[in-house]
Amino acid sequence: MNRRLSRKLGWNVVGLLVFVFMVFPVFWMVSTAFKTEDQSNSFNPTWVPSHPTLAHFRAALHRQYFWTDVKNTMIIVLVTVGISLVAAFLAALALAKYRFAGRAMFIVLVIGIQMLPPIGLVIPLYVLLGRYGQVNTLTGVILVYFTFALPFAVWVLRGFLIGIPKELEEAAMVDGSTRLGAFLRILLPLVAPGLVATSIFAFITVWNEYIFASIILHDNSKQTITLWLTNFLGGSIGGVDWGAVMAASTLIAIPVIIFFLLVQRRIAFGLTAGAVKA
Amino acid sequence: MPFLLILPVVAVMGAILGYPIYYLIRLSLQQYGLDELLAHHGKYVGLDNFSSVLHDPIFWHTLVRSLIFTAANVGLTMVLGTLIALLLVRLSTWVRLLLTAGLVLVWAMPPVVAVQVWSWMTNSDNGVLNYVLTELHFGNFFQHDWYTTPFWQLTMVTSLIVWEGLPFVAITLYAALSQVPHELVEAAEIDGARSWRVFKDVTMPVITPVLLILTSLSILWDFGVFTQPFLLIGAGHLIPSNYLMGIYVYEKGYALTDFGVGAAISILMLGIVAILSIVYVRRMLKVGVEE
């Protein structure tokens, strides 16, 4: 028994070490954000800032284009989510509730598209958007994000719809409802969490996206929040103000982390097609 | 009825994905530079772009480098991720919850933010990495610059990608491990089976399908990586000897505005990805069609 206990203790120590190792970069980001300039610039690090300062956060929030770029990002998110939810929901319904010719083909497409590295489509999308005057416009990025958000939305929503027993639908129909009525009263409330999860996922995707935003959006006033962050390093002459960069990084990471916590299980589920019931 | 339902998605995909892919193929057969971009009109050159890419040693070097990079990243992510998952099973509840929370936190970090944190931690003047290595007596790392050679540049990118990729692998595998029947493991242990044999004969069969999916996903992600090397190495420091496939497409096609050649490279890259993704797509298809 004693041996077993000391073994458990050993594993726990290893577990705590792994925890420290993994979380350290995140801790370091937050800790740097609160430090004074001298503390972050010295070779001997200050682990926990003794006199935390909010100056870096204030500087980041007041830095040019922060609010403009937050607004741009939100516009892109809302439009992308709004349109893709409706389209994806219908397609997911078809996949979950009907067998039809070409169904397998459609599934291959939905999965296959998610696997395409975005960088492989940068060239034609850039040239095409240029051709239709959509380079340097929010519409241009919305179109692109839409393509990438849609397949995942279809796949995740399908997972939700499959979980709903057919009997529920049938019961509603027996009660004299039409198919549409049954759908609205029974299915919609049940997939509501799926719609929320999909929206959150789209938000995270758009908020984090870098490649297309950097290629399509050139004006500082038309960019998204990730571009705003990367401009920090590029724009600094001489020494980088790491405190401000880390404060800005923290600000940008917070909404994503909060939202991610809400949908993490769904994302894992979608990516592995429910091979794992997380 | 089902056709009506998938119509919007098919229409949209056709318009904003099918058309670009058709356009990609068309571009790859054209001489298409800045002049053609402004004129909206390319010049048909047949397979010239492909032949110039395939005769370019940089393409082959980049391809080999990308494959090695992918193998190293996927190998590290999968091995370390599996070890963490096996560790999670053996922890007391509170340590497990703590570690899982930490992993989810890392998973949630936006990639671009993670790059900034990496740049800060590894910078030569006051990066904490140099301090820690020096304090632990690994040598004198005072003002050591980690980004001087392609090997080290890509190693730093690897460290970032593995760190970001571990949580997904570890947490998903842990979930799979929790489906391994307890009684079976205990029965095997009582029968005197060594722990390696228990792992191989009882645990492995349950988690193999998940391992397969995770490995193929990691291969696809790591082969197509762009943002991390582009930002961590820095646009100004990208040279043919540190190119990965994604960077090569960007530099040749977009930065040098040679869209025809860029399109040809993209097609070659997507072709390789398609081959690499067969395992994953087949697996997912099985799940999707059967349900």
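Start with the largest nonpolar core of this predicted model. It holds 161 residues, and the members that touch the most others are A:Ala88, A:Ala91, A:Leu150, A:Ala153, A:Val154 and B:Ala170. So which helix gives the most to this core? That's helix α8 of chain B, residues 150-177, which puts in 16 residues.

Let's pick one of those well-connected residues, A:Ala153. If you skip its neighbours within four places in sequence, A:Ala153 is in contact with A:Ser84, A:Leu85, A:Ala88, A:Thr198 and A:Ala202. One name there should look familiar: A:Ala88 is also listed among the core members that touch the most others.

Now for a pair of helices in chain A. Helix α5 covers residues 103-115 and helix α7 covers residues 138-162, and the two pack with their axes 9 Å apart. The angle between them is about 130°, which is why α5(A) and α7(A) count as oblique to each other. As for handedness, α5(A) passes α7(A) in a left-handed crossing.

Which residues meet where these helices pack? From α5(A) come A:Val110, A:Ile113 and A:Gln114, while α7(A) brings A:Pro151, A:Phe152, A:Val154 and A:Trp155. Sorted by class, the residues of this contact are six nonpolar, one polar and no charged. Here too there's a link back to the core, since A:Val154 is one of the members touching the most others.

Step back and look at chain A as a whole. It has 12 helices and zero strands, so to speak a run of α after α when you read along the sequence. Of its 278 residues, 44% count as buried. Take the contacts in chain A between residues at least 6 apart in sequence, and 75% of them join residues at least 24 apart.

Chain B has 14 helices and two strands. Its C-alpha atoms fill a box of roughly 75 × 65 × 30 Å, taken along the principal axes. Buried residues make up 42% of the 291 residues in chain B. For contacts in chain B between residues at least 6 apart in sequence, 67% join residues at least 24 apart.

Finally, put the two chains together. How many residues does each chain bring to the contact? Chain A supplies 85 residues and chain B supplies 81 residues. On the side of chain B that touches chain A, the largest share comes from helix α1 of chain B (residues 2-28), with 14 residues. By class, that side of chain B has 64 nonpolar, 15 polar and two charged residues.

Terms used
Residues are numbered from 1 along each chain as its sequence is written. Chains are lettered from A and ligands numbered from 1 in the order in which they are written. This is a predicted model: local features need pLDDT of at least 70, side-chain atom pairs count only at pLDDT 80 or more; totals for chains, interfaces and linings use all residues. Two residues are in contact if their C-beta atoms, placed from the backbone, lie within 7 Å. Helices (H or I, at least four residues) and strands (E, at least two) are DSSP runs, numbered from the N terminus. Ala, Val, Leu, Ile, Met, Phe, Trp, Tyr, Cys and Pro count as nonpolar, Asp, Glu, Lys and Arg as charged, and the others, Gly among them, as polar. A nonpolar core is a set of buried Ala, Val, Leu, Ile, Met, Phe, Trp, Tyr and Cys residues joined through C-beta atoms within 7 Å. A residue is buried if 20 or more other C-beta atoms lie within 10 Å of its own, exposed if 12 or fewer, and partly exposed in between; C-beta atoms are placed from the backbone. Axes are lines fitted to C-alpha atoms, for helices over the stretch in contact, and angles run from 0 to 180 degrees between N-to-C directions. Angles under 35 degrees count as roughly parallel, over 145 as roughly antiparallel, 65 to 115 as roughly perpendicular and the rest as oblique. A crossing is left-handed if the near helix is turned anticlockwise from the far one by less than a right angle, and right-handed if clockwise.
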